[in-house]
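Me: Could you take a close look at one part of this structure for me, the small open sheet and what surrounds it? I'd like the cut-offs spelled out as you go.

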Amino acid sequence: MANPTQLGFQDASSPIMEELVEFHDHALMVALAICSLVLYLLTLMLMEKLSSNTVDAQEVELIWTILPAIVLVLLALPSLQILYMMDELDEPDLTIKAIGHQWYWTYEYTDFKDLTFDSYMVPTTELLPGHFRLLEVDHRLVIPMESPIRIIVTADDVLHSWAIPTLGVKTDAIPGRLNQTSFITTRPGIFYGQCSEICGANHSYMPIVVESTPLIHFEAWSSLLSS
Amino acid sequence: MAEDIKTKLERYKTAPFDSRFPNQNQTRNCWQNYLDFHRCEKAMAAKGADATPCQWYYRVYKSLCPTSWVS
């Protein structure tokens with residue numbers, strides 16, 4: 001989850017998010033370099049140190065056309081690389097369906113037995129010590145760590161969106177459509193997210209919590225719930 | 001062939017990647033497998049043949065389709 005007054009990304013918990021953070025750092029550096037250059041030139045101009053009688057400047061025109069084109073290519077290449085990487089689906093180990101309702105999520109694990117449960121936010125008055133306000137749920141989405149997971153996102157009524165920042169996942173939940181996303185968690189832990197498409201009065205109160213745990217514990221949990 | 005399908009069913013983990021539906025929208029994948037299962041069952045019943053191969057489509061649509069859509 002985000003800490004109070006946090007401005008940057010949460011630490012990455014999936015390989016895709018790691019790539020996204022690196023790309024963001026790269027793009028931010030490019031943006032910083034361009035802004036510094038512009039600020040410098042602006043200062044020079046304001047101090048009247050850039051006046052000139054030139055009317056024809058073919059060479060510099062060429063430079064400040066080619067250079068930005070190169071910069072754009074340097075941005076586009078890693079961006080497209082990550083875009084295609086996000087669409088790759090290694091054979092998943094598990095498929096889970098996340099169905100958005102007003103105002104809770106339903107999770108279905110139907111690869112073997114039928115395991116279905118609803119996930120409601122824990123109201124503020126019922127929080128336990130150490131719990132996070134407006135982020136905790138009664139039943140978490142438990143998954144085995146370091147395994148490719150396929151999530152099929154859909155909705156039952158209006159638009160919702162299933163998002164977990166630390167995993168780099170955000171997928172719209174559209175009634176009548178099955179949207180596929182996938183991720184691998186690099187470590188065990190509890191990862192929080194919130195509904196990311198306005199869906200009515202309690203849009204801010206239908207969080208998502210993923211619990212990533214070793215396979216043995218996942219199997220124990222799913223046997224317990226399936227019985 | 002029936003032996004292969006039994007082994008394939010035993011080793012089933014989840015719906016595998018289907019190159020007919022390579023993109024994010026998997027609605028058609030769910031629909032196609034649901035249709036294929038029911039057509040397979042009907043065809044096997046008409047022929048009086050073993051319907052075990054149809055179980056593959058059943059497992060795939062069960063993995064992909066929301067329960068409320070298929071119940």
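Reply: Here is the sheet, then the chain around it, then two side chains.

A bit of housekeeping: this is a predicted model, so local features need pLDDT of at least 70 and side-chain atom pairs count only at pLDDT 80 or more, while totals for chains, interfaces and linings use all residues. Residues are numbered from 1 along each chain as its sequence is written, chains are lettered from A and ligands numbered from 1 in the order in which they are written, and side-chain values use heavy atoms, with hydrogens and water left out.

On to the sheet. In chain A, 3 strands form an open sheet in the order β4-β10-β9, with mixed pairing. The edges are β4 (141-144) and β9 (189-193) of chain A; each has a single partner strand, so one side of each is left without a neighbour in the sheet. From one strand to the next, the twist averages 25°. As for terms, strands (E, at least two residues) and helices (H or I, at least four) are DSSP runs numbered from the N terminus, and two strands pair if DSSP finds at least two bridges between them.

β4(A) runs parallel to β10 (residues 208-213) of chain A, and the pair shares 4 bridges. Within that pairing, A:Pro144 sits opposite A:Thr213 of β10(A). Lying across β4 and β10 of chain A is helix α3 (residues 215-226), at about 135° to β4(A). Angles here run from 0 to 180 degrees between N-to-C directions, with axes fitted to C-alpha atoms, for helices over the stretch in contact (heavy atoms within 4.5 Å).

Zooming out, chain A has 3 helices and 10 strands, in the sequence pattern α-α-β-β-β-β-β-β-β-β-β-β-α. Its radius of gyration (over C-alpha atoms) is 24 Å, well over the 17 Å from the globule rule (2.2 Å times the number of residues to the power 0.38) for 227 residues, so chain A is more spread out than a compact globule. The C-alpha trace of chain A spans about 85 × 40 × 35 Å along its principal axes.

An unreviewed UniProt entry annotates residues 1-90 of chain A as "domain: Cytochrome oxidase subunit II transmembrane region profile"; that span is 69% helix and 0% strand. UniProt also puts "domain: Cytochrome oxidase subunit II copper A binding" (unreviewed entry) at residues 91-224 of chain A, a span with 7% helix and 42% strand. Such positions use the numbering here, feature names are shortened, and annotations may be inferred rather than shown by experiment.

Now the side chains. A:Ser13, in the segment before α1 (15-46) of chain A, is buried (under 20% relative accessible area; exposed is over 50%, partly exposed in between, 1.4 Å probe, protein chains only) at 1%. Leaving out residues up to four places away in sequence, A:Ser13 touches several residues, among them A:Phe191 and A:Arg187. The side chains of A:Ser13 and A:Arg187 make a polar contact of 3.0 Å. That term means a pair of N or O atoms within 3.5 Å; within protein, one must be able to donate a hydrogen and the other to accept it, and residues adjacent in sequence count only if both atoms are side-chain atoms.

A:Arg177, by contrast, is partly exposed at 29% and lies in the loop between β7 (169-173) and β8 (179-183) of chain A. Its side chain makes a 2.8 Å polar contact with that of A:Asn179. Not counting residues up to four places away in sequence, A:Arg177 touches A:Val153, A:Thr154, B:Gln24, B:Asn25, B:Thr27 and B:Trp69.
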